[in-house]
Amino acid sequence: MHITYEKLVVDENSLFHFQEFKQKRYTSPFHIHDEFELILINRSHGKLYVGNQVTNFSDGDVFLFAPGIPHCFYNTKDYEKAGQLAHATVVQFKYDFLGADFFNKTEAYKLKELISLAESGILFTNPSGRIIKRINELGKTNNLQKLGHLLFILSEMANTKDYSLLSTGPIIHNISESKNINEVIQYVAENFQKEISLAKAAEIAHMQKAAFCRYFKRRTKKKFMEFVNETRIAHAQKLLTETDKNILEVAYECGYESSSYFYRTFKKYHNVSPVNYRKQIQNRYI
């Protein structure tokens with residue numbers, strides 16, 4: 001397995017492509033494509049692997065990815081067991097969908113800044129109800145009204161300060177450089193709550209351990225166990241924010257057998273202990 005190149009098949013007379021996905025769980029592999037991709041998570045939660053980073057996603061999140069940035073949304077096995085469909089709305093468009101010079105025009109300078117930021121992948125935190133409504137209405141509109149909706153959405157995004165950049169990894173243009181990553185990511189995503197084996201990851205990648213470590217570091221700019229810890233700590237953030245599980249329960253549910261090691265690892269990534277992280281989150285809502 002490898003990072004998949006996704007070729008978009010659309011009506012050549014259309015300016016952009018709109019599609020809704022409703023399925024038991026998201027199934028797209030770690031992939032890239034030639035289009036910008038705007039994604040609304042209508043209903044689902046799990047882990048987003050984007051570039052060389054991992055983060056949580058949940059209902060109402062909105063993302064914008066530039067061409068060439070590898071990504072995949074991954075639901076845990078428990079999500080499918082819960083019986084809720086994963087629902088996402090996706091819009092894809094080319095850089096020149098409004099003409100080669102559109103983003104160089106004075107009126108579009110804010111959009112050009114947005115497009116540039118998308119090379120890192122953007123998560124829009126707390127997107128306005130207007131943005132979500134317009135994205136969902138794209139499938140119900142036609143012609144200039146449909147184009148107007150998309151321009152409104154991009155304009156709203158370009159003028160908000162409520163966003164975070166996701167990846168520090170490089171844009172990928174050569175798929176052959178990225179073989180085997182997808183199955184390794186899947187292995188981590190499905191097993192981070194229990195023991196993760198470097199030997200098993202190397203076996204999945206069809207490499208010796210030393211060669212796999214060098215390969216993974218070259219492709220992601222981080223060691224394999226750093227990547228595993230980032231997945232676990234991202235899940236810990238979710239549990240600390242959304243549940244009242246005690247710290248020991250959170251540690252075990254994230255794959256840490258030692259609560260002291262969990263403390264040290266969490267603080268390494270967030271410069272604050274899990275206890276104080278939870279307090280900071282709670283204080284935001286007081």
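Where do K238 and E242 both lie, and how many residues apart are they? Both sit in helix α8, which covers residues 224–242, and they are four residues apart, about one turn of the helix. The structure you are looking at is a predicted model, so treat this briefing as a guided walk through that prediction. We will visit two helices, a strand with its partners, and a few charged pairs.

**Helix α8 and its charged pair**

- The side chains of K238 and E242 meet in a salt bridge, with 3.0 Å from N to O.
- A general rule helps here: an α-helix has 3.6 residues a turn, so residues three or four places apart point the same way.
- The two partners differ in how covered they are: K238 is buried, with a relative accessible area of 14%, whereas E242 is exposed, with 51%.
- Another residue to find in helix α8 is H235, which counts as buried at 8% relative accessibility.
- Leaving aside residues up to four places away in sequence, H235 touches K47, N56, F192, Q193, E253 and C254.
- One of those contacts, E253, also forms a salt bridge with K245, at 3.4 Å from N to O.
- E253 counts as partly exposed at 26% relative accessibility, and K245 is partly exposed too, at 28%.

**Strand β9 and its partners**

- How many residues of strand β9 (residues 86–93) are buried? Eight of its eight residues are, and the strand is described as mostly covered.
- In general, the side chains of a regular strand alternate between the two faces of the sheet.
- In β9, one side carries A86, A88, V90 and Q92, the other carries H87, T89, V91 and F93, and all of these are buried, so both faces are covered.
- Strand β2 (residues 16–23) runs antiparallel to β9 and is joined to it by eight bridges.
- Strand β4 (residues 36–43) is also antiparallel to β9, with seven bridges joining the two.
- Try finding Q92 in β9: H17 stands opposite Q92, and Q92 is also the bridge partner of E37.

**A salt bridge between two loops**

- The model has seven salt bridges by the count used here, and one of them joins the side chains of K94 and E35, at 3.4 Å from N to O.
- Why is this pair worth tracing along the chain? K94 lies in the loop between β9 and α2 (109–117), while E35 lies in the loop between β3 (31–32) and β4, so the pair ties together parts that are 59 residues apart in sequence.
- K94 counts as partly exposed at 36% relative accessibility, but E35 is buried, with a relative accessible area of 5%.

**Helix α10 and its two sides**

- Helix α10 spans residues 259–270, which makes 12 residues.
- From its first C-alpha to its last, α10 reaches 16 Å, close to the 16 Å expected at 1.5 Å a residue.
- Which residues of α10 are buried? They are F262, T265 and F266.
- These buried residues cover an arc of only 100° around the axis, which puts them on the same side of α10.
- The face of α10 turned away from that buried side carries the exposed residues R264 and K268.
- Just after α10 comes N271, which takes a positive phi of about 55°.

Note on methods. Residues are numbered from 1 along each chain as its sequence is written. This is a predicted model: local features need pLDDT of at least 70, side-chain atom pairs count only at pLDDT 80 or more; totals for chains, interfaces and linings use all residues. Side-chain values use heavy atoms; hydrogens and water are left out. The expected span of a helix is 1.5 Å times one less than its number of residues. Buried means under 20% relative accessible area, exposed over 50%, partly exposed in between (1.4 Å probe, protein chains only). The arc is that of the directions from the helix axis to the C-beta atoms. Two strands pair if DSSP finds at least two bridges between them. A salt bridge is a side-chain nitrogen of Lys or Arg within 4 Å of a carboxyl oxygen of Asp or Glu. Contact means heavy atoms within 4.5 Å.
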